[in-house]
2 protein chains.
Amino acid sequence: MRYYRFLSEAPRRRTGPTVTSAEIAEALDIDPTQVRKDLGSIGIVGMGRVGFETCEVCRSIRAALGFDREVDAALIGAGRLGSALLTYDGFARYGLDIIAAFDNDKKLKGRKVAGRVVKPMQALRPFVEKHGVQLAIITTPATASQHIADRLVEMGIKAIWNFSPTRLLVPAGVLVRDEHISLGFAEIAHHLSYLEET
Amino acid sequence: MRYYRFLSEAPRRRTGPTVTSAEIAEALDIDPTQVRKDLGSIGIVGMGRVGFETCEVCRSIRAALGFDREVDAALIGAGRLGSALLTYDGFARYGLDIIAAFDNDKKLKGRKVAGRVVKPMQALRPFVEKHGVQLAIITTPATASQHIADRLVEMGIKAIWNFSPTRLLVPAGVLVRDEHISLGFAEIAHHLSYLEET
DNA sequence: TAGATTGTTAATCGATTAACAATC
DNA sequence: TAGATTGTTAATCGATTAACAATC
């Protein structure tokens, strides 16, 4: 993933069409050997003397990471965080398309957020089944999220991206990615209290 | 951090006042020896026969993670994501207090979000200096964030929690924690395309 | 050809796991 | 005392780094 970020920015750096393992390693602060190993593991072969062809590597990484195909997602919870995700246009780069938003809040009903109408929760099941939605993004309050997750699993969802501050329990085979912002704060708190000491 | 989440939920599980390394290991799916090592490394000693005293361990971990002291933060960018962070009340648990929000958008000026007035950017420097703010949370568009980061560093900020989709460059000594949501999606995309294959 | 960069094998390092005497 | 659980040392495992012949 870090490779992808670095390489997709390559055109902007106006470097040539190739990149060496040493350059990548330098930029990402890792060992050149490591880079060659990683690239090799997803079937990318470099050329002696010149290195790797940037574009080709990019494509291969996209494929390896699964960014090369469209993923349609349903967003559950159209509050502030949900709206922020809907509005964010950076997901397209990774093949993620949030095709619908659902929320039970009467105030939001029928309102448009980032061009998408917020649908009532009753519409969720038919929608998921009709469009074969595989990914659900949950931004509901912690109290509601487990219940919603259970329903989503019933509907046959394959993955849940959980932004609510709870750990969700789901049967094996369904992927849950918990996005706990508080976790990031741990690093900061640690750093700051460390500064304090010295 | 995972220990902390687990242990702080202990009261809800209504287990006794102590917990064994085996129990923690089981719940977190790691090796019991690892647990004992980790706890030992922050100076926590357990008792033979009964294990560790839950409350005491919790306190020690809080201290080790730096959650035991208040951190005052300034939020830059009061858009959807910024508002979501302002509204989120879970930060208090970790000692984080967002004491002010700043945004240049005229529409937001003077508006209240989660009880805090949004201040204009000009007010940032005096505010940071007056209150000795150490942490800034950036939720501005990618184009603006580096410029803002530079200014914040000048003002003597110690850490930046970056929610804008760019990598920020700062001098050594200033901590930047990048919160790239797209990164989380990589895992999901990978899982889904893996399912596809089989 | 000469030189730079790769792919890969071998060596090092650190982290995880196993084993067990010491402790409550 | 007997039994469970700890702290710690030793052994294993995997991942990172170093070295170098093969390649363009």
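These exercises, with worked solutions, concern a predicted model.

**Exercise 1. Overall form of chain A**

Task: Compare the radius of gyration of chain A with that of a compact globule of 198 residues, and state the spans along the principal axes.

Solution:
- Step 1. Take the reference. A compact globule of 198 residues would come out near 16 Å.
- Step 2. Take the chain. Chain A has a radius of gyration of 21 Å, against that reference near 16 Å.
- Step 3. Add the extents. The C-alpha trace of chain A spans about 65 × 50 × 35 Å along its principal axes.
- Step 4. Add the secondary structure. Chain A contains nine helices and nine strands.

**Exercise 2. Burial, surface and charge in chain A**

Task: Find what share of chain A counts as buried, what its surface is made of, and how its charges are placed on average.

Solution:
- Step 1. Burial. Of 198 residues in chain A, 44% are counted as buried.
- Step 2. Surface. The exposed area of chain A is about 10,200 Å². Carbon and sulfur atoms supply 53% of that area.
- Step 3. Charge. Chain A carries 26 positive and 23 negative charges. Their mean positions lie 7 Å apart.
- Step 4. Contact range. Consider contacts in chain A between residues at least 6 apart in sequence: 53% of them join residues at least 24 apart.

**Exercise 3. Aromatic pairs**

Task: Classify the ring pair F67(A) and F185(B), locate both partners, and then treat W161(B) and F163(B) likewise for geometry.

Solution:
- Step 1. Set the scene. Over all chains, the structure holds 18 aromatic pairs.
- Step 2. Read the geometry. The rings of F67(A) and F185(B) are 6.1 Å apart, centre to centre, with 5° between the planes. Planes under 30 degrees apart count as stacked, so this pair is stacked.
- Step 3. Locate the partners. The pair crosses between chains. F67(A) is in the loop between helix 5 (54-65) and strand 3 (71-76) of chain A. F185(B) is in helix 9 (residues 181-197) of chain B.
- Step 4. Check burial. The cut-off for buried is under 20% relative accessible area. F67(A) has 1% and therefore counts as buried. F185(B) has 0% and is buried too.
- Step 5. Turn to the second pair. W161(B) and F163(B) are 5.1 Å apart, centre to centre, with 50° between the planes. That pair is tilted.
- Step 6. Check burial again. W161(B) is buried at 0% relative accessible area. F163(B), at 11%, also counts as buried.
- Step 7. Widen the view. F67(A) and F185(B) belong to one aromatic cluster. Its other members are Y4(A), Y88(A), F91(A), Y94(A), W161(A) and F163(A).

**Exercise 4. Two residues of helix 8**

Task: Contrast S145(A) and A142(A) by accessibility and list their contacts beyond four places in sequence.

Solution:
- Step 1. Locate them. S145(A) lies in helix 8 (residues 142-154) of chain A. A142(A) also lies in helix 8 of chain A.
- Step 2. Compare accessibility. S145(A) is buried at 0%, whereas A142(A) is partly exposed at 32%.
- Step 3. List contacts. S145(A) touches I138(A), T140(A), S164(A), T166(A) and L168(A). A142(A) is in contact with S164(A), P165(A) and T166(A).
- Step 4. Add a distance. A142(A) and R167(A) are 25 residues apart in sequence. Their C-alpha atoms are 8.9 Å apart in space.

**Exercise 5. Positive phi outside glycine**

Task: Examine the backbone angle phi of D29(A) and of R49(B), and say where each residue sits.

Solution:
- Step 1. Recall the norm. Most residues other than glycine have a negative phi.
- Step 2. Take D29(A). Its phi is positive, about 60°. D29(A) sits in the loop between helix 3 (21-28) and helix 4 (32-41) of chain A. D29(A) counts as exposed because its relative accessibility is 70% and the cut-off is over 50%.
- Step 3. Take R49(B). Its phi is positive as well, near 80°. R49(B) sits in the loop between helix 4 (32-41) and strand 2 (52-53) of chain B. R49(B) is exposed, at 84%.

**Exercise 6. A wide separation in chain B**

Task: Describe the setting of G16(B) and its separation from P171(B).

Solution:
- Step 1. Locate G16(B). This residue is in the loop between helix 2 (10-13) and strand 1 (18-19) of chain B.
- Step 2. Check accessibility. G16(B) counts as partly exposed, at 42%.
- Step 3. Give both separations. G16(B) and P171(B) are 155 residues apart in sequence. In space they are 48 Å apart, C-alpha to C-alpha.

Definitions and conventions:
Residues numbered from 1 in each chain as written. Chains lettered and ligands numbered in written order. Predicted model: local features only at pLDDT ≥ 70, side-chain atom pairs only at ≥ 80, totals over all residues. Heavy atoms only, no water. Helix = DSSP H or I, 4+ residues; strand = E, 2+ residues; numbered from the N terminus. Rg over C-alpha atoms; globule rule 2.2 N^0.38 Å. Buried < 20%, exposed > 50% of the residue type's maximum accessible area, 1.4 Å probe, protein only. Contact = heavy atoms within 4.5 Å. Areas by Shrake-Rupley, 256 points an atom, 1.4 Å probe, with all protein chains shown as cover. Lys, Arg positive; Asp, Glu negative; His and termini not counted. Charge placed at Lys NZ, Arg CZ, Asp CG, Glu CD. Phe/Tyr/Trp six-rings, centres within 6.5 Å; stacked < 30°, edge-to-face > 60°.
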